[in-house]
Amino acid sequence: MPFSATRLAELEACRGKNPIPQDFDEFWALRMAEADAQPLDFEIRPSDEIPQFDTCSYYDLYFTGMGGARLYAKYAVPRSADGGPVPLVLQFHGYPGCTRSWAEQSSWPGLGYAILSMDNPGQGGRSEDVGGFKGTTVSGHLVAGVDGGPENLYYVRLYQDQRILCRIVRQLAGIDAGRVFVNGSSQGGGMGLACCALNPDLVRRAAILYPFLSDFREVWELGADAIAYEGIRYYSRWFDADGSRADEWFGTLGYVDSLSFAHLVRCPVLFGTGLADVVCPPETQFAVYNALSCPKRHLLFPGFGHEEIQAFDDAIIGFFQKEGDQ
């Protein structure tokens, strides 16, 4: 499908519209300190959904997150030929949903990597959502807690849970903590960027495909808030019909916007965009990519929307392996 040079130049000029809170770095330093203060409480046991194999072991990992929630992650570990530690892929899923099937998770162990993939609370799977968000919880997790201040947002709590999971990674037997990678698309891409930003001493490389949670105000102005971003449309129509409070609540959402996290990402990033994406507009993705100051590479796919992009999947293999060879 043709894609004009003019349109590409417009996207490459995108710098984002959602405000980055002035105290963003300090805010997240406090949130990470809160997560670090939580005692680690986790258990790993053979999965009750899939048998063990000679080549790979499958586990259910349960841990206690913020607010005492019991959270779940699929954990699969290949049996290395030399018995040495193996690299790990932290994988985050799209919205709304849960971790992919065991068969799909097995692709990374087949390449010699362990994989750890968490179910997001309240979206599906086995993770518990303890709730308690102030204000509306009717339409989408994006605006859950927005009326209670930024520290009460759903995604703030989720990124604190993510931090606890990263602490657990450091204690996993048989894992090479020097080769931990992030992989995520859509919501998982936004989560992946946050994970890199908030855990810079752990994540070595990240593969990010068409990230959701990016440049919320641009989404609103483009009128692209009808699918994944429906919470923005719902909130604006029900609680800010005249737009007089837009600066206030977009300012609050800025604490979980990928655009805000970009400046904190230090590891190399492989970034993918389907140029026909109507779910996560390319304008928002380019804004985030342009804000990254880390080593980065942007793969563009004309004609592809918010869908499986096999060419990007294949590119990840060499991207992660390059780190393993260093």
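Author: A disulfide here is a pair of cysteine sulfur atoms within 2.5 Å. Let's put that cut-off to work on this predicted model.

Reader: Happy to. Why is Cys 280 not counted as part of a disulfide?

Author: The closest cysteine sulfur to that of Cys 280 belongs to Cys 14, and the separation is 14 Å. The cut-off is 2.5 Å, so the two sulfurs are too far apart for a bond.

Reader: And what rules out a bond between Cys 166 and Cys 195?

Author: The same kind of check. The sulfur of Cys 166 has that of Cys 195 as its closest cysteine sulfur, at 3.8 Å. A disulfide needs the pair within 2.5 Å, so this pair is too far apart as well. Searching the whole structure gives zero disulfides.

Reader: What makes Cys 166 and Cys 280 buried or exposed?

Author: Buried means under 20% relative accessible area. Cys 166 has 2%, so Cys 166 is buried. Cys 280 has 0%, so Cys 280 is buried too.

Reader: How do you know which class Ser 258 falls into?

Author: By its relative accessibility of 2%: the limit for buried is under 20%, therefore Ser 258 counts as buried. Ser 258 sits in helix H10, residues 258–261. Leaving aside residues up to four places away in sequence, its contacts include Gly 190, Leu 193, Phe 212 and Val 288.

Reader: Why is Pro 200 called partly exposed?

Author: Partly exposed covers values between under 20%, which is buried, and over 50%, which is exposed. Pro 200 comes out at 45%, so it is partly exposed. You will find Pro 200 in the loop between helix H6 (187–198) and strand S7 (203–209). Its C-alpha atom is separated by 27 Å from that of Glu 218, 18 residues apart along the chain.

Reader: Now the sheet. What makes S1 and S9 its edges?

Author: The order is S1-S2-S3-S5-S4-S6-S7-S8-S9, nine strands in an open sheet with mixed pairing. Strands S1 (42–46) and S9 (296–301) each have a single partner strand, so one side of each has no neighbour in the sheet. On average, neighbouring strands are turned by 20° against each other, direction ignored.

Reader: How do you know that S3 and S5 pair?

Author: Pairing takes at least two bridges, and S3 (residues 70–78) and S5 (residues 114–118) share four, in the antiparallel sense. Ala 76 stands opposite Ile 115 in S5.

Reader: Which helix lies across S2 and S3?

Author: Helix H5 (residues 154–169), which also lies across S1, S4, S5 and S6 and runs at about 130° to S2.

Key. Residues numbered from 1 in each chain as written. Predicted model: local features only at pLDDT ≥ 70, side-chain atom pairs only at ≥ 80, totals over all residues. Heavy atoms only, no water. Helix = DSSP H or I, 4+ residues; strand = E, 2+ residues; numbered from the N terminus. Buried < 20%, exposed > 50% of the residue type's maximum accessible area, 1.4 Å probe, protein only. Axes fitted to C-alpha atoms, helices over the stretch in contact; angles between N-to-C directions. Contact = heavy atoms within 4.5 Å.
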